[in-house]
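Got the model open in your viewer? Let's take a walk through it together, one piece at a time.

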Amino acid sequence: MVRFENVGLRYGLGPEILRDLNFQIPAHSFQFLTGPSGAGKTSLLRLLFLSLRPTRGLVNLFGHDVSLLDKDAVADLRKRIGIVLQDFRLLDHMTTYENVALPFRVMGRAESSYRREVIDLLKWVGLGERMDALPPVLSGGEKQRAAIARAVISRPHLLLADEPTGNVDPTLGRRLLRLFIELNKSGTAVIIATHDITLMDQYDARRLVLHQGRLHIYE
Amino acid sequence: MNKGSDDRGVLMDLGRERPQVPARARNMSPIVPRASIAGRALVVVVAIMTFLASVTTGVVLLVGASAAEWQSEVASEITIQVRPVTGRDIERDVTAVVNAMRTQPGIVDVRPYTKEESGKLLEPWLGTGLSLDELPVPRMIVAQVSPGTKLDLDGLRSHVTQVAPSASVDDHRAWIDRMRSMTGATVFAGIGILALVILATIISVSFATRGAMAANRPIVEVLHFVGAGDRYIANRFLRHFLRLGFEGGVIGCVAAMLMFGFSESVANWFSGTPVGDQFAALLGTFSLRPSGYLALAAQTILIAAVTAWASRRTLFATLDDID
């Protein structure tokens, strides 16, 4: 599903912050991406999400060499990827329901066709009573759950999550992890970038550890 | 490429435990909020531009119509001047010329100015009470040409000079040519002003679009995250700009139409006064024909289309930078 070969990344003329990355993300797999702060976890997620292009090497996503993709093809590929960012990126003028339903809306689906799915997912992540709230009045944890719901609602083939349990209590953290595991069981490959050892200890999964720009894989 | 993943069933199904969505939760807010676009300023700019463009077009149409009217009036007449020459009887020469003109094909009426009428023509320069017998005043003969007739001017000239050697024929061609150049210059200036107005509109709209895109950059980024293509995003913005351009265009066009209607009324009030006559001489009746109003309406649609085009062009250029 994802293949990196000798991938390097640098910003501008700065030093290479990701070096010689060689790995694969198989379909239906589950992995944690970890490493110290500044190791390049977010940059690697951005490479996987096609919002950055590598400065060298080959990135192959869903069978496509990303260096050959035009903007429309990138947009099509992104419909198959869900992403949860640390700063949530919710739209402040839309209700929680509308934010979560946004991927369906962009696909051009009628609201009646996805209403049930959105409501059920919002209830599952504990936002059933906050569907009509606007993001500015949500707490950090609620925003995070809304962002996760938006990333998983369209059942992506690949889910990328950057510190998805960073703002929630341990109970809710476990609940969200269960959501990711359910999603993975239904066929989505999941990559969770986290510092949270407790979270990683709760589920036996492959670990990708970034250290000084290089990736070490623990199966 | 396989698009989307919505064919893989639902993630979870709560069945009867499913809560109701409050109506305002799924009210489907616009993806790009209208308030986030500095619309009022753009509407005013487009309205002013449309007003200026409409006034320019209207004035060009008025001048063009008046000039065409003058030309057709002037072109349907020729003037023969008979100068007094020692040893010749000017009255006999005038009669001979009149008779000669009447036999010419295409001439429908010939009217010689009497000595008194010639005196009246000179009154503004020479004053009244002057005996014209003491002055060598030339005599004018005006001949009406039947519309659409092409006169053999050289033949006419030689015929007239045969009967009266001191006569000269003027078909006003030089004056008509000058009139044509003036009308052409007016239309050219009008097109130049229109081009400048449209250019200024494009620049204003481009700036407004850039401003709106900068203000809504977070929205654009989120839309990219959820897989929206540039065309989808551009269309969300474009519908706002189309509306703003159309609103501004209609306001500017209606204001210009009202101005022309009002000017027509004012021209009617001043009709008969020296000022009114001067204006009437320059711009005719100062009233736009229905086709003129249609031209202004068509121009408004053109400006709305230019607004949409400029906005679309800027949107795609900016989206290229944002990703």
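What follows is a tour of the two chains, from confidence through folds to a few single residues.

**How far to trust it**

Bear in mind that this is a predicted model. For the complex, the predictor reports an ipTM of 0.86 and a pTM of 0.69. Chain A has an average pLDDT of 90, and 100% of its residues score at least 70. Within chain A, the element with the lowest mean pLDDT is helix 6 (residues 170-185), at 86, while strand 3 (residues 30-34) has the highest, at 95.

In chain B the mean pLDDT is 81, with 87% of the residues at 70 or more. Residues 1-7 of chain B fall below 50, though the model still gives this stretch 15 contacts beyond near neighbours in sequence.

**The two chains in outline**

Here are the basics for both chains.

| Chain | Residues | Buried | Contacts 24 or more positions apart, out of those with a separation of 6 or more |
|---|---|---|---|
| Chain A | 219 residues | 48% | 70% |
| Chain B | 323 residues | 28% | 86% |

Chain A is built from seven helices and ten strands. Chain B has nine helices and four strands, and going along its sequence you meet them in the pattern α-β-α-β-α-β-α-β-α-α-α-α-α.

**A sheet in chain A**

Four strands of chain A make an open, antiparallel sheet, in the order 2-1-4-5. Which strands stand at the edges? Those are strand 2 (16-25) and strand 5 (64-65) of chain A; each has a single partner strand, so one side of each has no neighbour in the sheet.

As a reminder, strands of a sheet pair through backbone hydrogen bonds, and they can do so parallel or antiparallel. Strand 1 (residues 2-10) and strand 4 (residues 56-61) of chain A run antiparallel and are joined by five bridges. To find one of these on screen, look for Glu5(A), whose bridge partner in strand 4 is Leu58(A).

**The nonpolar cores**

The largest nonpolar core counts 116 residues. Those with the most contacts inside this core are Val100(A), Val118(A), Leu122(A), Ala149(A), Leu159(A) and Leu160(A). Which element gives the core its largest share? That is helix 1 (residues 39-75) of chain B, with 13 residues. Another core, of 14 residues, lies apart from it, and includes Ile78(B), Val82(B), Ala143(B) and Val160(B).

Leu122(A) is a good one to click on. Leaving out residues up to four places away in sequence, Leu122(A) touches Thr96(A), Tyr97(A), Val100(A), Leu127(A), Gly128(A), Met131(A) and Ala149(A).

**Helix 2 of chain B**

Next, turn to helix 2 (residues 90-102) of chain B. At 1.5 Å a residue, its 13 residues should span 18 Å, and the end C-alpha atoms are indeed 18 Å apart.

Asp93(B), Val94(B), Val97(B), Ala100(B) and Met101(B) are the buried residues in helix 2 of chain B. Looking down the helix axis, the buried residues of helix 2 fall within an arc of 130°, so they line one face. On the face turned away from that buried side sit the exposed residues Glu91(B), Arg92(B), Asn99(B) and Arg102(B). And what covers the buried residues of this helix? The cover includes strand 1 (77-82), strand 2 (107-112), strand 3 (139-145), helix 4 (153-163) and strand 4 (167-170) of chain B.

**Three loop residues in chain A**

Most residues other than glycine have a negative phi. Arg155(A) has a positive phi of about 50° without being a glycine. Arg155(A) sits in the loop between helix 5 and strand 7 (158-162) of chain A. Is Arg155(A) buried or exposed? Arg155(A) is buried, because 22 other C-beta atoms lie within 10 Å.

Glu163(A), also not a glycine, has a positive phi near 50°. Its place is the loop between strand 7 and helix 6 of chain A. Glu163(A) counts as partly exposed because it has 18 C-beta neighbours inside 10 Å.

Last stop: Val137(A), in the loop between helix 4 (111-124) and helix 5 (140-152) of chain A. With 10 C-beta neighbours inside 10 Å, Val137(A) counts as exposed. The C-alpha atom of Val137(A) is 9.4 Å from that of Asp92(A), a residue 45 positions away along the chain.

Methods. Residues are numbered from 1 along each chain as its sequence is written. Chains are lettered from A and ligands numbered from 1 in the order in which they are written. This is a predicted model: local features need pLDDT of at least 70, side-chain atom pairs count only at pLDDT 80 or more; totals for chains, interfaces and linings use all residues. Helices (H or I, at least four residues) and strands (E, at least two) are DSSP runs, numbered from the N terminus. A residue is buried if 20 or more other C-beta atoms lie within 10 Å of its own, exposed if 12 or fewer, and partly exposed in between; C-beta atoms are placed from the backbone. Two strands pair if DSSP finds at least two bridges between them. Two residues are in contact if their C-beta atoms, placed from the backbone, lie within 7 Å. A nonpolar core is a set of buried Ala, Val, Leu, Ile, Met, Phe, Trp, Tyr and Cys residues joined through C-beta atoms within 7 Å. The expected span of a helix is 1.5 Å times one less than its number of residues. The arc is that of the directions from the helix axis to the C-beta atoms. pLDDT is the predictor's confidence in each residue, from 0 to 100.
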